[in-house]
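This briefing is for a reader who is meeting the structure for the first time. The sequence and the model come first, followed by notes grouped by topic.

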Amino acid sequence: MFYNLRETQILQNEYKIAILYQYATTWRVIWTDGRPLPKLVEGGVMIGNEPREPRYYGYSVAKWTDDTTLVVQTVGMMGEDRVWLDTAGRPISDQLHVTETLHRVDHDHMDWSVTIDDPKMYTKPWVAMDKFPMKLEDPHQDVMEQYCSPIEMEKYNKLFGNPSSGPGSKAPER
């Protein structure tokens, strides 16, 4: 359930990175313009002298540690059961601090690692995803929308079938 990773596109300009997630057609912005990570305060974050609300995706800033490694820090997420990070419902609080490391292994491959640090919920930081492999796709590839809707479920079952109703299966006994 982590991130609902399916197809993901990463776009970058001189100020920020946008990560586009195929599932539910969502995105997040990671600032790479040198701004500091917002300071966590009760009820949200401080950006400069301005208090800001917690957000579903939080506030992310990143720095290149070398030519092939980007480290992303995220704070200021809503302390809810289900957020962008994990829809399975692992507990988080408003003190959650996520560190992501994206490392380009070679031209066509990248590893993505994620560490969770939430002192209100966990006794120590833990690795939630370790070197998840990603590969570069053709930049002309059209990424299909994906929503969990009744029409989409019907289409999926027509294309791929329902494994519980396939050949050799039998109806459950009552």
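Strands β9 and β10 form a hairpin, with two residues between them. The model is predicted. The notes below start from this hairpin and then turn to R28 and K131.

**The hairpin and its neighbour**
- Strand β9 covers residues 97-106, and strand β10 covers residues 109-117.
- The pairing of β9 with β10 is antiparallel and runs over nine bridges.
- Strand β8, residues 69-75, also pairs with β9 in the antiparallel sense, over six bridges.
- V98 in β9 has a partner in each of these pairings: T74 stands opposite V98, and V98 stands opposite I116 in β10.

**R28 and its contacts**
- R28 belongs to strand β3, which spans residues 26-31.
- The relative accessibility of R28 is 2%, under the 20% cut-off, so R28 counts as buried.
- Through its side chain, R28 makes a polar contact of 3.5 Å with the side chain of T74, the residue that stands opposite V98.
- A second side-chain contact of R28, also polar, goes to E100 at 2.7 Å.

**K131**
- K131 is part of strand β11, which spans residues 126-135.
- The phi angle of K131 is near 55°, a positive value in a residue other than glycine.
- With a relative accessible area of 54%, over the 50% cut-off, K131 is classed as exposed.

Technical notes: Residues are numbered from 1 along each chain as its sequence is written. This is a predicted model: local features need pLDDT of at least 70, side-chain atom pairs count only at pLDDT 80 or more; totals for chains, interfaces and linings use all residues. Side-chain values use heavy atoms; hydrogens and water are left out. Helices (H or I, at least four residues) and strands (E, at least two) are DSSP runs, numbered from the N terminus. Buried means under 20% relative accessible area, exposed over 50%, partly exposed in between (1.4 Å probe, protein chains only). A polar contact is a pair of N or O atoms within 3.5 Å; within protein, one must be able to donate a hydrogen and the other to accept it, and residues adjacent in sequence count only if both atoms are side-chain atoms. Two strands pair if DSSP finds at least two bridges between them.
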